[in-house]
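Please work through the following exercises with the sequence and the coordinates at hand. Each task is followed by a solution in steps.

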Amino acid sequence: MNKEKFKNKLTEQKKELRTMLERFAKEDKKPKGDWDTQFPQFDGGKLEEAADEVEEFDSLRSVEHSLELKLKKTNEALEKIKKDTYGKCEGCGNNIELKRLEVVPEAKKCKKCN
Ligand SMILES: [Zn+2]
């Protein structure tokens, strides 16, 4: 396995995820890795507009949650590269399929265990 390639891929993915999160969320330093969606600013508009913003806030929050989760897994995968345990399935201990890692480099489990 070309570890350097996956390391670069994961580092790139980490950067992208952070950029996306920074667009609408603020990193919460404690606990580490937790992000908070910033509520859109109200400009004293009508109630209807406010309701739209609440709806937008809710969908941003769910986007934030999935980005946050992916970022967390990406960081964990980078840690594993450092410890030389990258690519091992946490379920059965076998190597995770390379094809799977190509698509989901932060995968923790093989296809069977997932
Ligand atoms: Zn497995």
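**Exercise 1. Burial and overall form**

Task: Determine what share of the 114 residues in the chain is buried, and establish how the radius of gyration compares with the globule rule.

Solution. The model is predicted.
- Step 1. Residues count as buried when their relative accessible area is under 20%; in this chain, 29% of the 114 residues are buried.
- Step 2. The accessible surface amounts to about 8,200 Å², and carbon and sulfur atoms account for 50% of that area.
- Step 3. The chain holds three helices and two strands, and their order from the N terminus is α-β-β-α-α.
- Step 4. For 114 residues the globule rule gives 13 Å, whereas the radius of gyration is 18 Å, well over that value, so the chain is more spread out than a compact globule.
- Step 5. The C-alpha trace spans about 55 × 25 × 25 Å along its principal axes.
- Step 6. Of the contacts between residues at least 6 apart in sequence, 49% join residues at least 24 apart.

**Exercise 2. The aromatic pair**

Task: Classify the ring pair formed by phenylalanine 6 and tyrosine 86 as stacked, tilted or edge-to-face.

Solution.
- Step 1. The count of aromatic pairs comes to one.
- Step 2. The ring centres of phenylalanine 6 and tyrosine 86 are 5.7 Å apart, and the limit for a pair is within 6.5 Å.
- Step 3. The planes stand at 45 degrees, so the pair is tilted; stacked would require under 30 degrees and edge-to-face over 60.
- Step 4. Phenylalanine 6 belongs to helix α1 (residues 3–24), and tyrosine 86 to the loop between α2 (47–83) and α3 (98–103); with their positions 80 residues apart, the pair links distant parts of the chain.
- Step 5. Both phenylalanine 6 and tyrosine 86 are buried.

**Exercise 3. Charged residues of helix α2 and the loop that follows**

Task: Decide whether glutamate 64, lysine 80 and aspartate 84 are buried or exposed, and describe their surroundings.

Solution.
- Step 1. The chain carries 27 positive and 25 negative side chains, and the centres of these two sets are 11 Å apart.
- Step 2. Glutamate 64 is located in helix α2. Its relative accessible area is 6%, so glutamate 64 is buried.
- Step 3. Beyond four places in sequence, glutamate 64 touches Leu21, Phe24, Ala25, Trp35, Asp36 and Thr37. Threonine 37 is 27 residues away from glutamate 64 in sequence, yet the C-alpha to C-alpha distance is 6.8 Å.
- Step 4. Lysine 80 also lies in helix α2. A value of 18% places lysine 80 among the buried residues, given the cut-off of under 20%.
- Step 5. Among the residues more than four places away that lysine 80 touches are Tyr86, Glu90 and Lys108. Tyr86 is also the partner of phenylalanine 6 in the ring pair.
- Step 6. Aspartate 84 lies in the loop between α2 and α3. Its relative accessibility is 55%, so aspartate 84 counts as exposed. Its phi is near 65 degrees, a positive value in a residue other than glycine.

**Exercise 4. Cysteine 110**

Task: Locate cysteine 110 and identify the residues that it touches.

Solution.
- Step 1. Cysteine 110 is found in the segment after α3, and its relative accessibility of 6% makes it buried.
- Step 2. Outside four places in sequence, cysteine 110 touches Cys89, Cys92, Ile96, Glu97 and Arg100.
- Step 3. Arginine 100 and cysteine 110 are 10 residues apart in sequence, with their C-alpha atoms 7.8 Å apart in space.

Terms used:
Residues numbered from 1 in each chain as written. Predicted model: local features only at pLDDT ≥ 70, side-chain atom pairs only at ≥ 80, totals over all residues. Heavy atoms only, no water. Helix = DSSP H or I, 4+ residues; strand = E, 2+ residues; numbered from the N terminus. Rg over C-alpha atoms; globule rule 2.2 N^0.38 Å. Buried < 20%, exposed > 50% of the residue type's maximum accessible area, 1.4 Å probe, protein only. Contact = heavy atoms within 4.5 Å. Areas by Shrake-Rupley, 256 points an atom, 1.4 Å probe, with all protein chains shown as cover. Lys, Arg positive; Asp, Glu negative; His and termini not counted. Charge placed at Lys NZ, Arg CZ, Asp CG, Glu CD. Phe/Tyr/Trp six-rings, centres within 6.5 Å; stacked < 30°, edge-to-face > 60°.
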